[in-house]
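Below is a briefing on strand pairing, helix packing and chain contacts. The sequence and structure come first, then the points by topic.

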Amino acid sequence: MSWEFRRNLWIQLTPHRLIATSIVLGVVFLTADRIGALRWVSAGVFFLFAGFWGTRRAADSIMEEVIGGTWQNQRMSAVGAWPMAWGKLFGATAFAWYGAGIAWIVRAYADFSDAPLRVRFDAVEHIDLIAMLVFAVLAQAMSLLVALIQMRRRRRGRHMTVGIGQIAGLMVLIPFLDRWSSERVMEWYGNAIPAWSFLNLSALAFLFWAMVAIHQLMRAELQYRDMTLRVPAFAVFLMTYLSGFVDIGLAPEIYRAVVLQVAGTAALLLYYAALLAAPGEPVALLRLMRALRAGDWKLIGELAPSWLPAGLIFAAVAIAVIVNALASPVTLPKLGFWWLRYAIDSYASWVAAILVFAARDAGIVLLFAIGKRPERADVNSIVSLAVLHGLLPWTWLAFQSPSLAGLTSPVPGASTALMLVAALAQLLLLGVLLNRRLAQLQPKGVAYA
Amino acid sequence: MIAVEHVLFDYPGVRALDDVNFTIGKGTITALVGPNGAGKTTLLRCLAALEPPHGGRIAIDDVDIFDEPRRTHRLVGYLPDFFGLYDTLSVGQCLTYAAGSQGVESGAIEQAVQKAARAFSIGDLLLRRASDLSRGQRQRLAIAQATVHEPALLLLDEPAAGLDPQARADLSQTLLALAQAGITVVVSSHILTELEDYCTDLLIIDRGRLVEQRSLSATETGELIAIALAKPWPDLDRILGATEGVEIVSATPDVTLCRVAGGAGAAAALLKKLVDAGAPVTRFGPDRENLQALYSARVARQGGGAA
């Protein structure tokens, strides 16, 4: 058993907590049974414990160590990344799972009692019970993941970090709650799959990737040195997953164009997520610069931020989109995006502009990361990107100046050539600013090693 | 035990460690002193393999901390200046968790816990919650946690901060016992008078640079001997100066410190010479250099601040 898990059990499962919770829940469920509301009350209690409290505990599992001054000892312990990850995920939430476990058993009993005799022992009829567990673990894993990301970005405000982690986890539960009324059928790569089955399988798949991400971040925290292929692997998964929703009934050339566009969008989203999640440590960047100058490729691979492979994958897909658009032009309306018909003069140039703007945005995020207040880099980055991609373009569009709107963001309406030139100019400017800032970061009179 | 070669560490715009070189032998207790912001904590974190240096090399027991940080962690116990305990756990649970998480074999954990508890005089507190301990008891528990896996190297950052005089005296005894057990100890502290009590070696660091490394008990040039006289005796300096292998280190009205080469035999010969010459000797024996004086002189030469 993981020592991290064991320690958490000692803290979480104290006798008085277990006894008090059992008594309170017993009273609640007896009352609910009396008024005929056992099914939904048990489900509600389950999500109160596993969802609300579980996500909070999962997010706090890392921050309480940092704030409490015990994290350095954990980093130096012999506990590996995986036992540390699951020890925190399931250990810190042990009490939440105790309450949720009781509620789950009651819910199972209610389901079993209410089910018609012919399907009472049919596992498929009770798949919701499994789905409750999967979604609850996924929500908690998401909370822990988001808290870990924030901790690595040196966010030290415990309440803010835990709150954001908890909200991220609770958002995962929304599709589950929505599915109660859903009897739709999903089309995925042409296969008709009941929506609830698809949702459960998707939750399992994303739970797997959430655990992979937690494990990877934990490895980095515990000083394992490795070159990760997890980001590219997840990018491939995400592109494959989302491309499955494209209608296979489309003409082959349109299907190819749409799949490329969906894959590119997925890669772009992953790139921005990785960019905003990466710990912006000036020192790490200086070390990366040194490794680059020394041509130490092994070290470069270890130090490279995760947004870099995501960005390279996006660039590769974007180039494929451009080549495909030039080789077999598909009329824009057939892509299904009606607004493109009037707004984009050249699809290939537009995608190229998106690529360059994405590189510019990496420059902005890096500039804040190595700025004078790196602890506020994430907020400043998000605000800046929101201004450049939202506020400014909308303002110019409101003043009937679409050409100006395209100067800071690849919004439809501007000349794509102008967009491309503007994006390249901004990229160049950021390159100069970054270089100047890096020079300032170097201690006086010391050259790069 | 510790080999530090040309170590660099940068913070944005600041070189925290600048071409630091030193070696530390096994079983020694080294005082790491320097002004605030000199780089002491950064150096300790590098030695603990919590922060890889940006240049140079650090090896602990021949294990490179950059190549094998996880293996280095097995060799090191580290107590940061701001340490935390699991307040809701008992002392016994804290030690058991520390032992288990540090890789002590399951069958040996109970023995390791008892041994650490005895060593730090907290054996009778095993059932008490950590939150109920006094400041000194918490400090002892924290050091016990850091040493429960019997590391080869123990790094302590300001371990005596906030301790009362008795707890500080206990800490001194504990560190001496650890060194006698073969554990190498590096202690960063501002309380120089206490470091004198138990440290065998000294590292002074200032503005990221190592400005002094020396042994406090003996050097290659000889044993440090303190001579005290019942009353002033004008011939003392002359005799000491005329004796081969003897060098006066410092002299106050009460005590003269000199370095005597040639081991115990040479020291005995010097004592006989002084007594035969009529010196009113009241004390003659091994001593340590005054750490405060040594530090002040060295840092003042560098233009640094107070300890």
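Strand 1 of chain B pairs with strand 4 (residues 55-60) of chain B in the antiparallel sense, over five bridges. Strands pair here if DSSP finds at least two bridges between them, and strands (E, at least two residues) and helices (H or I, at least four) are DSSP runs, numbered from the N terminus. This is a predicted model, in which local features need pLDDT of at least 70 and side-chain atom pairs count only at pLDDT 80 or more, while totals for chains, interfaces and linings use all residues. Residues are numbered from 1 along each chain as its sequence is written, chains are lettered from A and ligands numbered from 1 in the order in which they are written, and side-chain values use heavy atoms, with hydrogens and water left out.

**Four-stranded sheet of chain B**

- Strand 1 and strand 4 belong to an open sheet of four strands in chain B, with the order 2-1-4-5 and antiparallel pairing.
- Strand 2 and strand 5 (63-64) of chain B are the edges; each has a single partner strand, so one side of each is left without a neighbour in the sheet.
- In the pairing of strand 1 with strand 4 of chain B, B:I2 stands opposite B:I60.
- B:I60 also has B:V63 of strand 5 of chain B as a bridge partner; strand 4 and strand 5 of chain B run antiparallel and are joined by two bridges.
- Seven bridges link strand 1 and strand 2 of chain B in the antiparallel sense, and B:D10 has B:R15 in strand 2 as its bridge partner.

**Six-stranded sheet of chain B and its helices**

- A second open sheet in chain B has six strands in the order 6-7-8-3-9-10, and its pairing is mixed.
- Its edge strands are strand 6 (76-79) and strand 10 (209-215) of chain B, each of which pairs on one side only.
- Neighbouring strands of this sheet are turned by 15° against each other on average, direction ignored; axes are lines fitted to C-alpha atoms, for helices over the stretch in contact, and angles run from 0 to 180 degrees between N-to-C directions.
- Strand 7 (residues 153-157) and strand 8 (residues 184-188) of chain B pair in the parallel sense over five bridges, with B:T184 of strand 8 as the bridge partner of B:L153.
- Helix 1 (residues 40-47) of chain B lies across strands including strand 3 (29-33) and strand 9 (201-206), and runs at about 155° to strand 7 of chain B.
- Helix 5 (residues 135-147) of chain B lies across strand 6 and strand 7, at about 160° to strand 6 of chain B.

**Interface of chain B and chain A**

- Contact (heavy atoms within 4.5 Å) involves 35 residues of chain B and 32 residues of chain A.
- The two chains bury about 3,200 Å² between them, 60% of it on carbon and sulfur atoms; buried area is the accessible area (1.4 Å probe) that two parts lose on being put together, summed over both.
- B:R70, B:Y86 and B:Y97 supply 22% of the area that chain B buries against chain A, more than any other three residues.
- The rule finds 14 residue pairs in polar contact across the interface, both residues at pLDDT 80 or more; a polar contact is a pair of N or O atoms within 3.5 Å, where within protein one must be able to donate a hydrogen and the other to accept it, and residues adjacent in sequence count only if both atoms are side-chain atoms.
- Helix 3 of chain B gives the largest share of the side of chain B that touches chain A, five residues.

**Salt bridges**

- A salt bridge is a side-chain nitrogen of Lys or Arg within 4 Å of a carboxyl oxygen of Asp or Glu; the whole structure has 23 over all chains, but the interface of chain B and chain A has zero.
- A:R57 and A:D60 form a salt bridge through their side chains (3.6 Å, N to O).
- A:R57 and A:D60 are about one helical turn apart because they are three residues apart in helix 3 (residues 38-68) of chain A.
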